[in-house]
Amino acid sequence: MESELGLIEQSFNSRYSLWVQEALSELPDSFTITDPCLSGHPIVFASKGFLKMLGYSKSEVIGRNGRVFQGPGTCRRSVMEIREAIREERAIQINLLNYRKDGTPFWMLFHMCPVFNKEDGRVTHFVGVQVPISRKPRRSGRNGVNLCEEGSRMNDIFYGSCRKEVCSDSLVELGRVQSLESALDDADDRGLEVEESCEASDLEKTRAATAINNILSVLTHYSELTGRLVCGKRCSLSGVGLLSSSLNISLGRIKQSFVL
């Protein structure tokens, strides 16, 4: 395990130089950086703010997938929207219920964006910023049932815990989510009032976007020192036959499955 973590850190540092982690650690924000080119799309960097907010140590987070922070109350549809954003290599900002190490659930605004190789336009990493939502849910159902909590319980009945990896095709998954929405509509007809359960404020959205820009600035600067430049937007499509992040992940899993 230690050798695996060493390879992950070495891969990250080799692109951005040895000083990048120190520079990122000075940022006050809660964020992680993941590598879609490695099998399992693991976390390769976690900020001090993130570790403090969730109660984990660095060794407990590096090399793990972000699924470990989800739980029975995590909205399944939100998870699917994040996975679709990864497959399509685009940014996303979404409200999400995650869990701390001690099992305490908390609402956060999750803002994720890809980092592109400036030379060939391929995605090298994803940056994910987490901003705690201080605002309480505005309204509940007429029976005192919070819609997102009710939806999460229905998700558990239909699909089980969000910690379980989903390996089926994304279209099939989206079809299941649509079925879940129909079930929620039926619940609404029985007397549940469909309302937003928790919404980030404009200030929290601005904080997340600002943090993303600051992180990208650090990554861009330190990539210049190695000559392996990155940017926040796809700067070049000159490469022929670019592989998407989802395909890179799949190839990594296939590679690991072979026994030589």
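The following legends describe close-up views of one predicted model.

**View 1. The chain as a whole, with its helices and strands.** In this predicted model, the chain is built from 9 helices and 6 strands. Of its 260 residues, 45% count as buried, and the chain exposes about 13,700 Å², of which carbon and sulfur atoms supply 52%. Among contacts between residues at least 6 apart in sequence, 64% join residues at least 24 apart.

**View 2. Helix α8, residues 202-224.** The helix has 23 residues, and at 1.5 Å a residue these should span 33 Å; the C-alpha atoms at its ends are 33 Å apart, so the expected and modelled spans agree. Its buried residues are Glu204, Ala208, Ala211, Ile212, Ile215, Leu216, Val218, Leu219, Tyr222 and Ser223. Two of these, Ile215 and Leu219, are also listed among the members of the largest nonpolar core that touch the most other members.

**View 3. Arg207 in helix α8.** Arg207 has a relative accessible area of 45% and is therefore classed as partly exposed, a class that lies between the cut-offs of 20% and 50%. Although Arg207 and Val129 are 78 residues apart in sequence, their C-alpha atoms are 9.5 Å apart in space.

**View 4. The largest nonpolar core and the surroundings of Ile33.** This core contains 55 residues, of which Phe12, Leu24, Ile33, Val127, Val129, Ile215 and Leu219 touch the most other members. With its neighbours within four places in sequence left aside, Ile33 is in contact with Phe12, Leu24, Pro42, Ile43, Val44, Phe45, His125, Phe126, Val127, Ile215 and Leu219.

**View 5. Thr124 in strand β5.** The strand comprises residues 123-132. Thr124 has a relative accessibility of 6%, and because this falls under the 20% cut-off, Thr124 counts as buried. When residues up to four places away in sequence are not counted, Thr124 touches Arg15, Tyr16, Thr34, Asp35, Pro36, Val115, Phe116, Asn117 and Val230.

**View 6. A nonpolar surface patch that includes Trp19.** Leu18, Trp19 and Leu225 make up this patch, which covers about 390 Å². Trp19 lies in the loop between helix α1, residues 2-16, and helix α2, residues 20-25. With a relative accessible area of 53%, Trp19 is over the 50% cut-off and so is classed as exposed.

Definitions and conventions
Residues numbered from 1 in each chain as written. Predicted model: local features only at pLDDT ≥ 70, side-chain atom pairs only at ≥ 80, totals over all residues. Heavy atoms only, no water. Helix = DSSP H or I, 4+ residues; strand = E, 2+ residues; numbered from the N terminus. Expected span 1.5 Å × (residues − 1). Buried < 20%, exposed > 50% of the residue type's maximum accessible area, 1.4 Å probe, protein only. Contact = heavy atoms within 4.5 Å. Areas by Shrake-Rupley, 256 points an atom, 1.4 Å probe, with all protein chains shown as cover. Core = buried A, V, L, I, M, F, W, Y, C linked by side-chain atoms within 4.5 Å. Patch = residues over 30% accessible without salt bridge, like charges linked within 9 Å, V, L, I, M, F, W, Y side chains within 5 Å. Salt bridge = Lys/Arg side-chain N within 4 Å of Asp/Glu carboxyl O.
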